[in-house]
Structure formats: structure tokens, C-alpha cells
Amino acid sequence: MRIPRLSGDGVWRWLSGACVALSLLAVVALLALVVTRGLAHFWPADIEQLTLDDGQRIAGIPRGSQAGERRYFTANRDLDGQVWRWVEQQAIESRGTPPDLLYVERRDWGPFIGRLTAVETPAGERLQGAEAERRLRRALRGDADVTTLHLRNVEGRSLKVAFAQVASLSWPNRMDIGDKLAAWGHGVWRFLSETPSDGNTGGGVWPAIFGTLLMVMLMSLVVTPFGVLAALYLNEVARQGPLTRLVRIAVRNLAGVPSIVYGVFGLGVFVYGLGGHLDSWFFADRLPSPTFGTGGLLWASLTLALLTLPVVIVATEEGLARVPVALREGSLALGATRFETLRRVVVPMALPSMLTGVILAVARAAGEVAPLMLVGVAKLAPAIPLDDEFPFLHLESKFMHLGYLVFDLGFASRDAEAAMPLVFATATLLVIVILVLNVTAIILRHHLRARHRALEHS
Amino acid sequence: MTDPSVASHRANRRLRQHLDRLATGVIAASGIAVVAAVLAIGVYLTLAVLPLFDAAEVKVEAASTVADEGAIHTVWLADDGMRWLTRDGQLRNAEGTIARLVEDATIAAVAEGDDTQPLALGLSNGEVRLVPRDDRGRLIWTQAATARLFATRGVAALALGHTAQGWVLAGRNTQGDVAALWRAGDALRRLAVPETAEHIAMGHAGRLAISQGTQLTLWKLSPDGKGTALARTDTRAPVTALSFLQGGRTLIVGDAQGELRRWRLSPDDAGWQAAETSYAALGDTAIRRLIALPRQRLWLALDASGRMGLYQSLSGLRWQGQAPRAIPPPAVSINAQGTQVMWLGESGTLQRLAIEAPHAAVSAATLLMPLTYEGHSTAQWRWAAAVTGDEEPQYSLVPLAWGTLKAAAWAMVFAVPLALGAAVHSACYMSRRQRARLKPAIELMEALPGVVIGFVAGLIVAPFVERHLAGTLVLLVCVPLGSVACGWLWRVLSRRWELRLPPISVGVGLMVPLALVCWAALSLSPWLEAWWFGGDLRTWMYQQWGWDYAQRNALIVGMAMGLAIIPTLYSLAEEALSGVPRTLAEGSLALGATRAQTLWRVQLPVAAPGILSAVMIGAGRAVGETMIVLMVTGNTPLMSPSLFEGLRSLAANLAIELPEAAVGGTHYRLLLLGALLLFVFTFAVNTLAEMVRWRLKRRYRRYWGNA
Amino acid sequence: MSERQAGRRGAGRWQRLVTMALALCWLPVMAMAAPLNGTLGSVGSDTLGGLMTQWGERLSARYPQVRVQIQAAGSGTAPPALAAGATRFGAMSRPMTDAERADFIAHQGHPPLAVPVALDALTLFVHRDNPLDTLSLPEVEALFADTRYCGQVPPLRRWGALGLDGDWAKRPIARFGRNTASGSHALFRREALCGGNFRRDVNELPGSSAVVAAVGRSREAIGYAGLGYPTAMVKVLALRDDEGTPRLPTHDNVVSGRYPLTRPLYIYVNLAPGERLPALERAFFDLVLSPEGQAVVARQGFVPLPKPRLAAARRALRLPPLVDVTQSSSK
């Protein structure tokens, strides 16, 4: 049989195809990694109990292995001083998943893994065994009261935990798939709705979600009118000449200026400049505690608005340029003024592009972290900047941000290794938010282009 | 009948016209304002950076006269007014005598250290009076203590220096004998130096420089009394002035011919590096006096013919002028910030010099040239912000610029082939429907936030690649080979079973086989490493080529940032390629050229400018990307081109250091200079790209027009 | 008046006890209900970041009206923010330098108040597989610095230079540390390098736990960070003191200062002399300098302030002295 040769054409076809494949593969792998590890964070994994050849007993959740060693997340930082344990594979005598192993998330010392020995009730009763467990389950549902839990780790060391310290509690080895799914859903919900605790490594990320969305909303409130006005000016009002073209190119290029430079501008001009003056004019009585003279929601929104202005301007201009001249001329010929033509004919037709521009701006802003690090994002700001206290919306307050939380948890939490799953979960959330925004923009654009095409042909 | 309606119509029209004008005005005003605000960034950065390059200045100010000047030794200007120290040992202010420090001798020399050291008064009877300070650095005049430095002769000069636990006070008497007092904890020890000297200067940790004629000696004193002469050297002309700069590790030597040189203590302390820096001279007369200022490694030099110069240890002569008409002062007082120097001149005139040189440490040379910094033996480009103010600032922008370009360059190395390949594939080998599906998918990549890519690359990929370096490098070879092999295999199989290409494109279809290839390459690499590289590729690389491998390196940055800029590059390149008039390609194919020939000879050349502009815009993005570089690299300001070593980029540097920089200080403004550089660079590159694109569009229009 | 007196006289012992008990029970409740509100912002140290967030969480649990905002990018970020008036609290893992103090005084007219809140030590650690156990300070200098201001140890390029044999002898050394904004960086430079310059290839990471994570994942690595950060992924090294005795950064060695690189952690406050702290800031410090606040310190792996220093810090802030009974003030 003659072995067919790949022609030059074929080689290029396959090589260039490989480029597509590799790019997609990289993204898919990245997303898959982030999303699976992020979602797996909430899965109540089975707890293994090991007996080593020297008689030691260890209980923990397996988290990877390396060169003949297995790593276990053993929790119990207060008892062991550590939450990780490396175990040599050969040293393991027996392995099992006893159903009575308990996983407790505590507010102070992080998780606990071990067994329940007894519970104390407000009446001073001390319940043990199955009765204790029943009582505890009822207490978790809110049907009964428990004051203190008596716990014991697998080595036999015991400790007491106040019930108020318990954030959540489960017997993962006893759960079937349905229970685990329910617990997973509950975990996701807590992650989305609670404020962070235990130095950001516990609880949820609600303030960060809210902060991200609020900041982006404020930003779009600023960027939309100004971006559209600037585009209208450049496209409809300004005389088209070399100067306008230059300005247009300049504005377009500003989209390529690094975001950190905008952050520098925001810090120097908004925070230190404007903010400092505002404080000395209006909030002098609060000094030296700053009000606007420090990074905050307002300055972050303004900085990002500046950053995304070019996006909105360019998109709007594109939309404006696509409006057929004939329509404009028709409107003017019918006696409408320029403003009326703009308002009734041009802007409605360009509205979709404007919207696309704003959504793209929002998507870009939601993922930006570097400038925020300079103008007002905080490691911890559990109180959301919107409440029942006058003036309700606290523009001067610092805020938490999903992107910054990813950075902070990954690099500056107490134990980066233990925080890793949480980082993945946060990153997943951030990616989902941004993807949703982008997909909206893409769909919108698709529809609008179709509509325009129809218009142009008619 | 018609009148009212006409009137109302007219009014209405007027209203509409007013409205029109108003709206136009509002649009124009806000449009201009927005454009101005956006452009203000460049203006702001420029304005903030300019003061860096202000010329330094020394202003001779207020020359008030003081009575009975003959009796006065030193003058200070404290917060609460002026104070004098008279030769007979009285401390006075305008109201009268505050304290009497010396009883039966006269003051011959004064040494004033920083706020951890005492004020030392050298007396004519060979004793010294030491005025201690409280924990906030204020002198406690009432608790002055006495110590004997010389047996008989009076003290002629004093010099104070730091040690790890305390301070050292060195003195010279009228005969030229040298002795020192070493303070450690509460103990005070007298050390004698068996040499005579004309000039002395005290440096860091017991380093004592003494000169006698042309001979210059560096001593290392030690608290056990056994001082050692570390080095001796002969200078060209007799030494006339000596002074250590702030920090006590750089010695400035002025000689009789007016030359000024810097002497460096080498890292190993064995010696005393020969004078490698000689500064621009003031004139050819002897240097009479060197006054080291307490900040920024600045000093004033005065020569015999009344010239005065302000120098910085790295940037050299910053200002030159006439010294106030005065004899070279025996006693000078300097404020803590080093912005004001005072001495009492002839006939009781009080000379006050205001030194305005906030950014004297910055010059073209310090920003751009490799310099030999204190404690180093070779010239290097270094960036290291001074944290405590005591270190020598190392402000070279070159390693940062290098790091920025290096990161961008490696990112381009990864991104350009992939993105262009993908663009070519989707423009030339995909159906319109497939393209319409692929484009948004790749655009979605653009939305992946930098933090997420940076986090995964920095904390997951970097350690992984460190462990599987061989596998990663093998991948670079395997992937193209594998994809061609897949093509060949496909051809063989499709011939045999008469398969047809499925409706998905080659690109998507290759994903699974390529994933398999990657997996295979990574899992086979340990064997490969064992066979070829003696078990560990990194050790082998080091032994074979002397290459170091850092966990956080340009390879990882290149991959991570490449991923981040692929979408930008792809979109623009795809736009350029699919903009090529189809008639051209069809003509080429009709004339019998193959797809590949058409691609290489027709489509790519026509779209080349567009592709170039895509590459430029991609490069612009890579230069400014902050979070990825910050999280993925170790932010090491190195100057190596190696793929396996780290880097520090301007953008990441800004994110790290701007919050810590004191507003308005040298460091702050230098960081802003970095931001300005980024701004200018990206702006220029993008403008260029935009112009190229514009011309390309015109060219396409011509083609279309001809078609 | 007379009625009340009569009532008091008439009250029995039992009744009085009940009243007292009730009052005692109500005290914490009243304290909780105190109308404290406002914003408590802090800028500064990453090392203190965990502590600040924990204290902040407790404060906002106690006073739900209070908005706590904590930024923790590094100690170096505190002085500029304090001087510019962008914050009132600056958490710092090193003392302010003269220049920073001078800058603050120039802007605010008075010196800042430094309140020690915990003790810490700079720990050096290597990958857990690394057989190295101890280092001397000059070796630390040679590992991390280009200059030799403390000792004369020649440059160390391979682990073999530190006496490791076998495979380790030819393995290169990878160095990890914090960035310049960090107090750990500045203090390490001052104490371990004697004010010298870092090697340019010391990786500067933007967080202490990132240093630990990087060292934990790289066999050849060595790094430094505060006491509360090392995990089971790394092995903490003992430092040999002047006599050559290896000292681990244990609680006792840190309190006694026998471990060479110990340091206090500070919160700097912008407080004019003679002024009293506003209620919110007082409440915060009252918490931090209480047994509960110091328990947080221990929980985070740092060393609580010894009693005399705690008392002195409370005095400096004019806080009421602590009752010398170790009561648990948590719920």
C-alpha cells in the first residue's frame, strides 16, 4: 500500500488547526481547573482514618500525594498546631472511613475533625452517645438548645467547643449522595450569602460580590452618559477634520493604556488631590480620620469609569457610524433639528452598540484588580456600603472585590495552601460573573448586527 | 384663524432651535470635557514627574549678625529659636545662658551625630563632654558627662560613628595623636590608635579613616582595643579634607589640588577599593571642608578660593556656586532633614544655607547607567527603594524596563504563533458558520480576568513546571509534530475507510488528540529526564550551560500572559485576514495555486500590515499587564535574558510600591515616571498600530473598488 | 429621697444579691447596646493582616453598627497613608523609620503613637524535605544579600555550601521573601543583612503566605516570613545565636529575645498629645489589648504581649487597667 503523504497544504492546515486547538485547550483546561476545584470546595469529602505502623492514628481529608507521600488535611489547628499532615504511603497500616467521624467548621480555630462524645444542654444535662447526636441534630435545625459540644480527636485528646462557635457540622462519611448534594448546595449558598470570617478563610464572600457589583454599577452610571456624549460629540457635533481624527485615535489608544496607569492617576488626582480637598472643605471636623481623602467606592468607580470610557466611546461611535446617512438626511429634510434627529433617529438606532459598549466596559471593569489596589479595595470590609443609615449609600467607604479577594486569599491569607480551594471558588464566581456579562454583550451584538443588516438592505 | 397656529408653530420652532443649540452645546461641552479628562492622564503624569529634574540649589540666606562672635563656637537653629555654644562652654539663647557645660577649659571641637548619638564637645584640656539624648532624640543638657580622650594635649577634632550596639567617638589632638572612645551598652572604653593624623573621619562599625600628607589609612577599631589597619594607600596630592557620608560606608576625600574622590569599603572588608569615582572638581585649589548631610548621601564641598559645590555620591555635582564670604568654618550645624546648614562667619555674620535638592539622587546616570553601589564590588543596574532612608537608594529604571520588555517579548513568543495560526485557520480553513462559532469563544478568553490567570499560573502551573520541566519543554516539540501526525493519520484512515471530515473543524477536532499528546509527553518526561539528563534536567542545565532555573520565571509569565493576549491578537489578525478581498484568493486558486501558496503568497502579504498592527497592539497589552506579572514572577529586578529566570516589570512595580511611597518624594515621583513611560510607550505603539490599520483599510477599499 | 432610703434600708440581703447579679448580667449587654458607630479603617502590614481582620470581625460582632475596613498590603503602606491623613490606624510589623516619622510630623504636626499589640519573629524556613536544620546569621546574610555587612561568608550558590550532601549538594538555592512594602522585608534587611542590599534574585512575593506556599512547593527553596505563617509544608529553621546555640522561634525564645530576629508588631495611631482616643478607637484597642484580643494573637500563631508590656500599652492609651483575673470574655 502506498503511504499517502501530507501535502504542504495539509501541513499548514493541521498546524494552524493545532493553534486553534491549543488556544481553546488552554482556556478549557484553565476554566475546568478553576471551576471543578472551586465547586469541589463545597463537597463534603469523606474523612479517612489512618493507623500508621507506629500506632499513630490520623483522621483527615486526602489532598493529593507526591513522591510516595500523601497529604492529609487534618484540621484541628488548636490541638496539633497544624492543619496539614504528610504521611508516608508505606507507613499506613490501615485505612478506613468510620461513619462517626465528624467535621465541624468553627468560627475561631478553623475546622475540627474527630468524634462527638457528649453535648451539654442549657439545663446542665450532659447527653452522650446516640442521644447526644440526636439532640445536636435537633439543635442544628433550631428545635433544641445545646450549649457546649464535647469533642475528641482520633488520638483521644478531647476539647470543648461552645455551640455558638459552630458554623456548620456534618458526618460526611455517613452521608449518601443526596445528603452530600444537599450539603453542597447549602455550602454554596453560605458562600454566596455570608460575610467572611476567621480572617477571610471561612464564611462567605457576600460583601465581595456586593462590592464588585455595586462598584461596577456606579461605574456604568458614570461611564454611560459621558461615554455616549463624548462619542456623539466626536461623531455628530465636532467638525470632521484631522484634529478630530487625531482625538479619535488618541481616545481609541487610551483603551490600550495599562490599567495600572489609570490607578496611579486615580490615586494621585482623585484620592490625594480631590479627596484631600473635599475632606478639608466639608469634613474638617472628622479629621484626622479621613472621609474622602482615602481610597473608596467613589474613587474606584471613577477610576474604572475613566479606564472604560474609551471602550464605550469606541463602541458607540461604531454604532453611530453604522446609522445610514440617508436616514439622517431624511430626518433633517423633514424639518427636524439636529438634536431631534439625534434623539429620535440616530441614538435609538445606535442604542444597541452603546449597550454593547457599556456591557463590555462592565465586563472589563469587573475583572480589573490592579488599579483597585491603589484606589480603595480592602482586605476586609464586611459591612456592605449600602444600609439604612443616612446617606444610605456610603460612597466613601472601602469595599471588598472578588478579583482582589482572589489575589488576597491566594497570596496573603494565613495559610495559602488551605485557602486554595476558597480561591478557586472565588475565582469561579468572578469568572461566571464576567462570562455572563460578556455573553450578554456578544448575544446583544449579534442581534443588533442582524437588525442593522436588515436595515441597511431595506 | 391660522394666526395663532402659525405663532405657536413659530414659537415652537424657536423653542426647538434653542433646544437644539442647547443640546449641541451640552454635547460638545461634555464631549470636550471627557476627551480632556481622558487626556489629562498624560498631563498629570508629566507634571508630577517634572520636579524630579529640577536643578538642585543652595541658597545663601539670612546673614544676620551676632555679637561677640569671637566667643561663639557653634550655632544651632532649633524649633524654639537660635542657640549658641560659646567657646568657654556656655549654652545660650536670645534670653541668656541656658546651661554651663564646661568649667575650666574651652571648647575646641564639636561632633554632633544623629538622634541616637550624643553631642560631643572636645575641650582644650584633652577631655570630652558628652551630652546624652532622651529616647526621642532631644539633648539633655543637664546630664552632660565627662570622659578623657587625651592625657595632656587639647582636642583638635572629633568624629562620631555608629556601631551595632552604640557609637564610637574618635578624636585628634593638637599634636596629631588619635584616640577613640567606644561605647557599647553602658560601658565606655578608650582606644588608642598608634598613628598621627592631620584629618580624621569616622565611619560605620568602627571604621576610622585618617590621613597624614598623602597617606590615607583605614583602621578598623574594635572594642577589645586591638584596632587593625585594614588598608593604606597613597593619594596623588596631600589630603586636605575627609568625610564619611551618611551610613558611614563611603568616604569622600578632598585633596590639595581640588580633586574629590569617592572611596568605597569593599564587601569583604579586606580593603579599600581604589578611588574609582572622581567627581567634577570645583577648581584647582585645595578642598578646605567637606560637610556631609544626613539624607540622600549629599555633601557640600568648599575650596580655598571660596567656591562651593553640592554633590551626591552617585549623581555627582548637582550645584556649584560661591560660598558665602567666610573663613572655612570650624563648626557647622546641620538640621535633621539636611536642608539647612549654618555656620558663623567672619565678623559675626551668621551664614545660613538652604539646600533645595529633594531629588538630588536622581540623574540620567543614576537612572540609566550601571553603578557601583555601596557594599558592591562591580557596577550593576539595581532597583531597590530605600526603606529606612539610611540605605543608599538604588534607582535604576533599566532593570524594570528590561523586565517589562522581557515579559512582553516572551509572551509574544508564545502568543504570536498561536494567535496567528488560529487566525489563519479560521480565516482560510473554516466555513463561515464555524468561524462565527469560534470567534466569540476566543473573545470570551479575553474576558478572563488577569488575577485568575495569574493565580493559576503562579501557584499551580509554576510549581508544576518546576517539577516537570523536561515534560513542558518536550511539549513544545510534541504539539506541532503531534498535530501533523494527526493529519497524516487522518489521511491514512480516511483513505482506508473513506471517512469524511466531520462537520466540526480541524481546530476543534484536534483538541482531544492534542490533550492526549500533552498527557503522554508529561507522563513520559521522567523517563526522558532519566535517560538524557541524568535524572534532573535543571541540574543538568546548570552543569552543562550554567543556567539557573527560578521557579517564578519568564517561561511561566510568557505562557500566562500569552494566554491573556491571544484573544486580542487573534481578533485583530483575523479581522485583517478576513478583510483581504476574496477575489484575490479566488484568483490565485483559479490560477492553480494551492491553498498554502495562496495563503503565503497572497493573503498573508496583503494582510501583513494588519497583522503587524495586531502584534503591536498585543505587545502594548503585554507591556502593561500588571496582575499576571505581579503574581507569576518573583519580581526580581534582574537583567538576564534567560527564559528560566525571573523579572520585575514596571507595571507590577507600580502596584507593589506606589502605596508605600511617601507622596511627593523621590520614590513616588520615580514610580510615576515609570507610569509615564508605560503610558507613552503603549500610547505610541497603539498610535503606530492604528495608523498602520488605517492605511490598510484604505488599501482594501482600493482593492474592493477595483474589484 | 426618704422613700428610696427607706427602700434600701428595707431591702434584704437576698434582694441586694439579685440586683447585683442582674446588674452584672446586664453589663455586657449594655456594653453591646452602646451606640457605637462609624468607620474604623486600617492600612498596613500584611503580617498583621490576619490579626487585624480577626479583631475587626470581633469588633463588628460586638458593635454591628461599626464598619470595619482593613487594607493590608504591607507595613510600608501605612506611613504614607498616615501622613497623608488617609487613615488613622496604621498596622506595622516594624517600627517607623526616622524619615517616616519626620514626614508624619511635617504633615500632622505631632508624632504618631506606636502601640505594640503582639510579638513576632522572622522565621526562616525551607522545604520540608530539606535536611538543613540550623543557620547562623552570617549564613543568612550570605544566602540573601549581595553585601557583607554582618559577616564574611562567601556567596552560597548550592545547598552543598551549607553542608548538605548527597543529592542536595548540587541543588541550587532558590530564595523567597517579601516585597519592599513589607515590614518583614525592611526588618530582615536591617537585622539579618545589617542594612545591606538583597540579592537581586530574591523572589519578592506580595504576601507572607505566598512565600510559605512557594517554599512548600519548591524543594530547593528557602524563605522568610512572620511567625504565624509557616505550615506543615515547610520546615522552620533554628538560628544559631552568638554562642552558637541553635534557637527555634518558640514562644519562650521570642519573649526572652533569645531568638535573634524577634520584633514587636505595632499599630500606629494618629493621636495628638493630650487628646483622648475617640470611643470607637478606644473600643478597638480595648479589645486588642484584652485577654480576648491577645488570645487571637496566640491563635494566629504569634506571641501575645507579656503582661507588663500589655499594661504599659493600655496606660499609654489611657485605657482602664485589666483586672488580673483571667476571665473568658467570649460568649
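**Figure 1. Helices of chains A and B help to line the largest cavity.** Four helices each supply at least two residues of the lining: α7 (259-282), α11 (370-375) and α12 (402-412) of chain A, and α14 (650-657) of chain B. The model shown here and in every other view is predicted. α12(A) gives the most to this lining, with four residues. The volume of the largest cavity is about 430 Å³. Its lining counts 31 residues. Nearest the centre of the largest cavity lie M373(A), P659(B), Q71(C), A73(C) and T77(C). By type, the lining holds 22 nonpolar, six polar and three charged residues. In total, five cavities of 30 Å³ or more are found.

**Figure 2. The second largest cavity encloses about 130 Å³ of space.** Sixteen is the number of residues lining it; W383(B), A384(B), P637(B), F198(C) and E204(C) are the closest to its centre. Two elements give two or more residues to this lining: β29 (383-384) of chain B and α7 of chain C. The lining of the second largest cavity divides into seven charged, five nonpolar and four polar residues. Rolling a probe the size of a water molecule over the atoms shows where empty space is left.

**Figure 3. Helix α7 of chain C is largely enclosed by the rest of the structure.** The helix spans residues 183-191. Why is it described as largely enclosed? Seven of its nine residues are buried, so the rest of the structure largely encloses α7(C). The buried residues are G183(C), S184(C), H185(C), A186(C), L187(C), F188(C) and R189(C). Their cover includes one helix of chain C, α6 (137-144). It also includes the chain C strands β5 (123-127), β7 (174-178), β8 (203-205), β9 (221-225) and β13 (262-269). At the start of α7(C), a side-chain oxygen of S182(C) comes to within 2.9 Å of the backbone nitrogen of S184(C). This helix also contributes two or more residues to the lining of the second largest cavity.

**Figure 4. Chain C has 12 helices and 13 strands.** The chain runs to 331 residues, and 59% of them count as buried. Take the contacts in chain C with a separation of 6 or more: 74% of them join residues 24 or more positions apart.

**Figure 5. Q69(C) sits in a strand of chain C and touches chain A.** The strand is β2, residues 66-71. Q69(C) is buried, with a relative accessible area of 4%. Which chain A residues does Q69(C) touch? They are L380(A), A381(A), S397(A) and K398(A). Within chain C, Q69(C) touches T39(C), L40(C), G41(C) and S42(C), leaving aside residues up to four places away in sequence. A polar atom of the Q69(C) side chain lies 3.2 Å from the backbone nitrogen of K398(A).

**Figure 6. L169(A) lies in strand β11 of chain A.** The strand covers residues 166-170. Is L169(A) buried or exposed? L169(A) counts as buried, at 12% relative accessibility. Setting aside residues up to four places away in sequence, L169(A) touches L102(A), Y103(A), V104(A), L136(A), L140(A) and L149(A). V154(A) is 15 residues from L169(A) in sequence, and their C-alpha atoms are 17 Å apart.

**Figure 7. A237(B) occupies a loop between two strands of chain B.** The strands are β17 (228-234) and β18 (239-244). A237(B) is buried, and its relative accessible area is 2%. Apart from residues up to four places away in sequence, A237(B) touches T214(B), D255(B), A256(B) and Q257(B). A286(B) is 49 residues from A237(B) along the chain; their C-alpha atoms are separated by 9.6 Å.

**Figure 8. Domains are assigned in chain A and in chain B.** In chain A, domain 1 covers 51-174 and domain 2 covers 203-457. The C-alpha centres of these two domains of chain A lie 47 Å apart. Five residues from domain 1 of chain A and five from domain 2 of chain A take part in their contact. In chain B, domain 1 covers 101-234 and domain 2 covers 398-706. For the two domains of chain B, the C-alpha centres are 64 Å apart.

Notes:
Residues are numbered from 1 along each chain as its sequence is written. Chains are lettered from A and ligands numbered from 1 in the order in which they are written. This is a predicted model: local features need pLDDT of at least 70, side-chain atom pairs count only at pLDDT 80 or more; totals for chains, interfaces and linings use all residues. Side-chain values use heavy atoms; hydrogens and water are left out. Buried means under 20% relative accessible area, exposed over 50%, partly exposed in between (1.4 Å probe, protein chains only). Contact means heavy atoms within 4.5 Å. A polar contact is a pair of N or O atoms within 3.5 Å; within protein, one must be able to donate a hydrogen and the other to accept it, and residues adjacent in sequence count only if both atoms are side-chain atoms. Domain bounds come from an automatic or database domain assignment. On a 1 Å grid over the protein atoms alone, a cavity is a set of points where a 1.4 Å probe fits but cannot get out, and a pocket is an open set with protein on both sides within 12 Å along at least five of seven lines; lining residues have an atom within 4 Å of a point. Grid points are joined across faces, edges and corners, and a volume is the space filled by probe spheres set on the points. Ala, Val, Leu, Ile, Met, Phe, Trp, Tyr, Cys and Pro count as nonpolar, Asp, Glu, Lys and Arg as charged, and the others, Gly among them, as polar.
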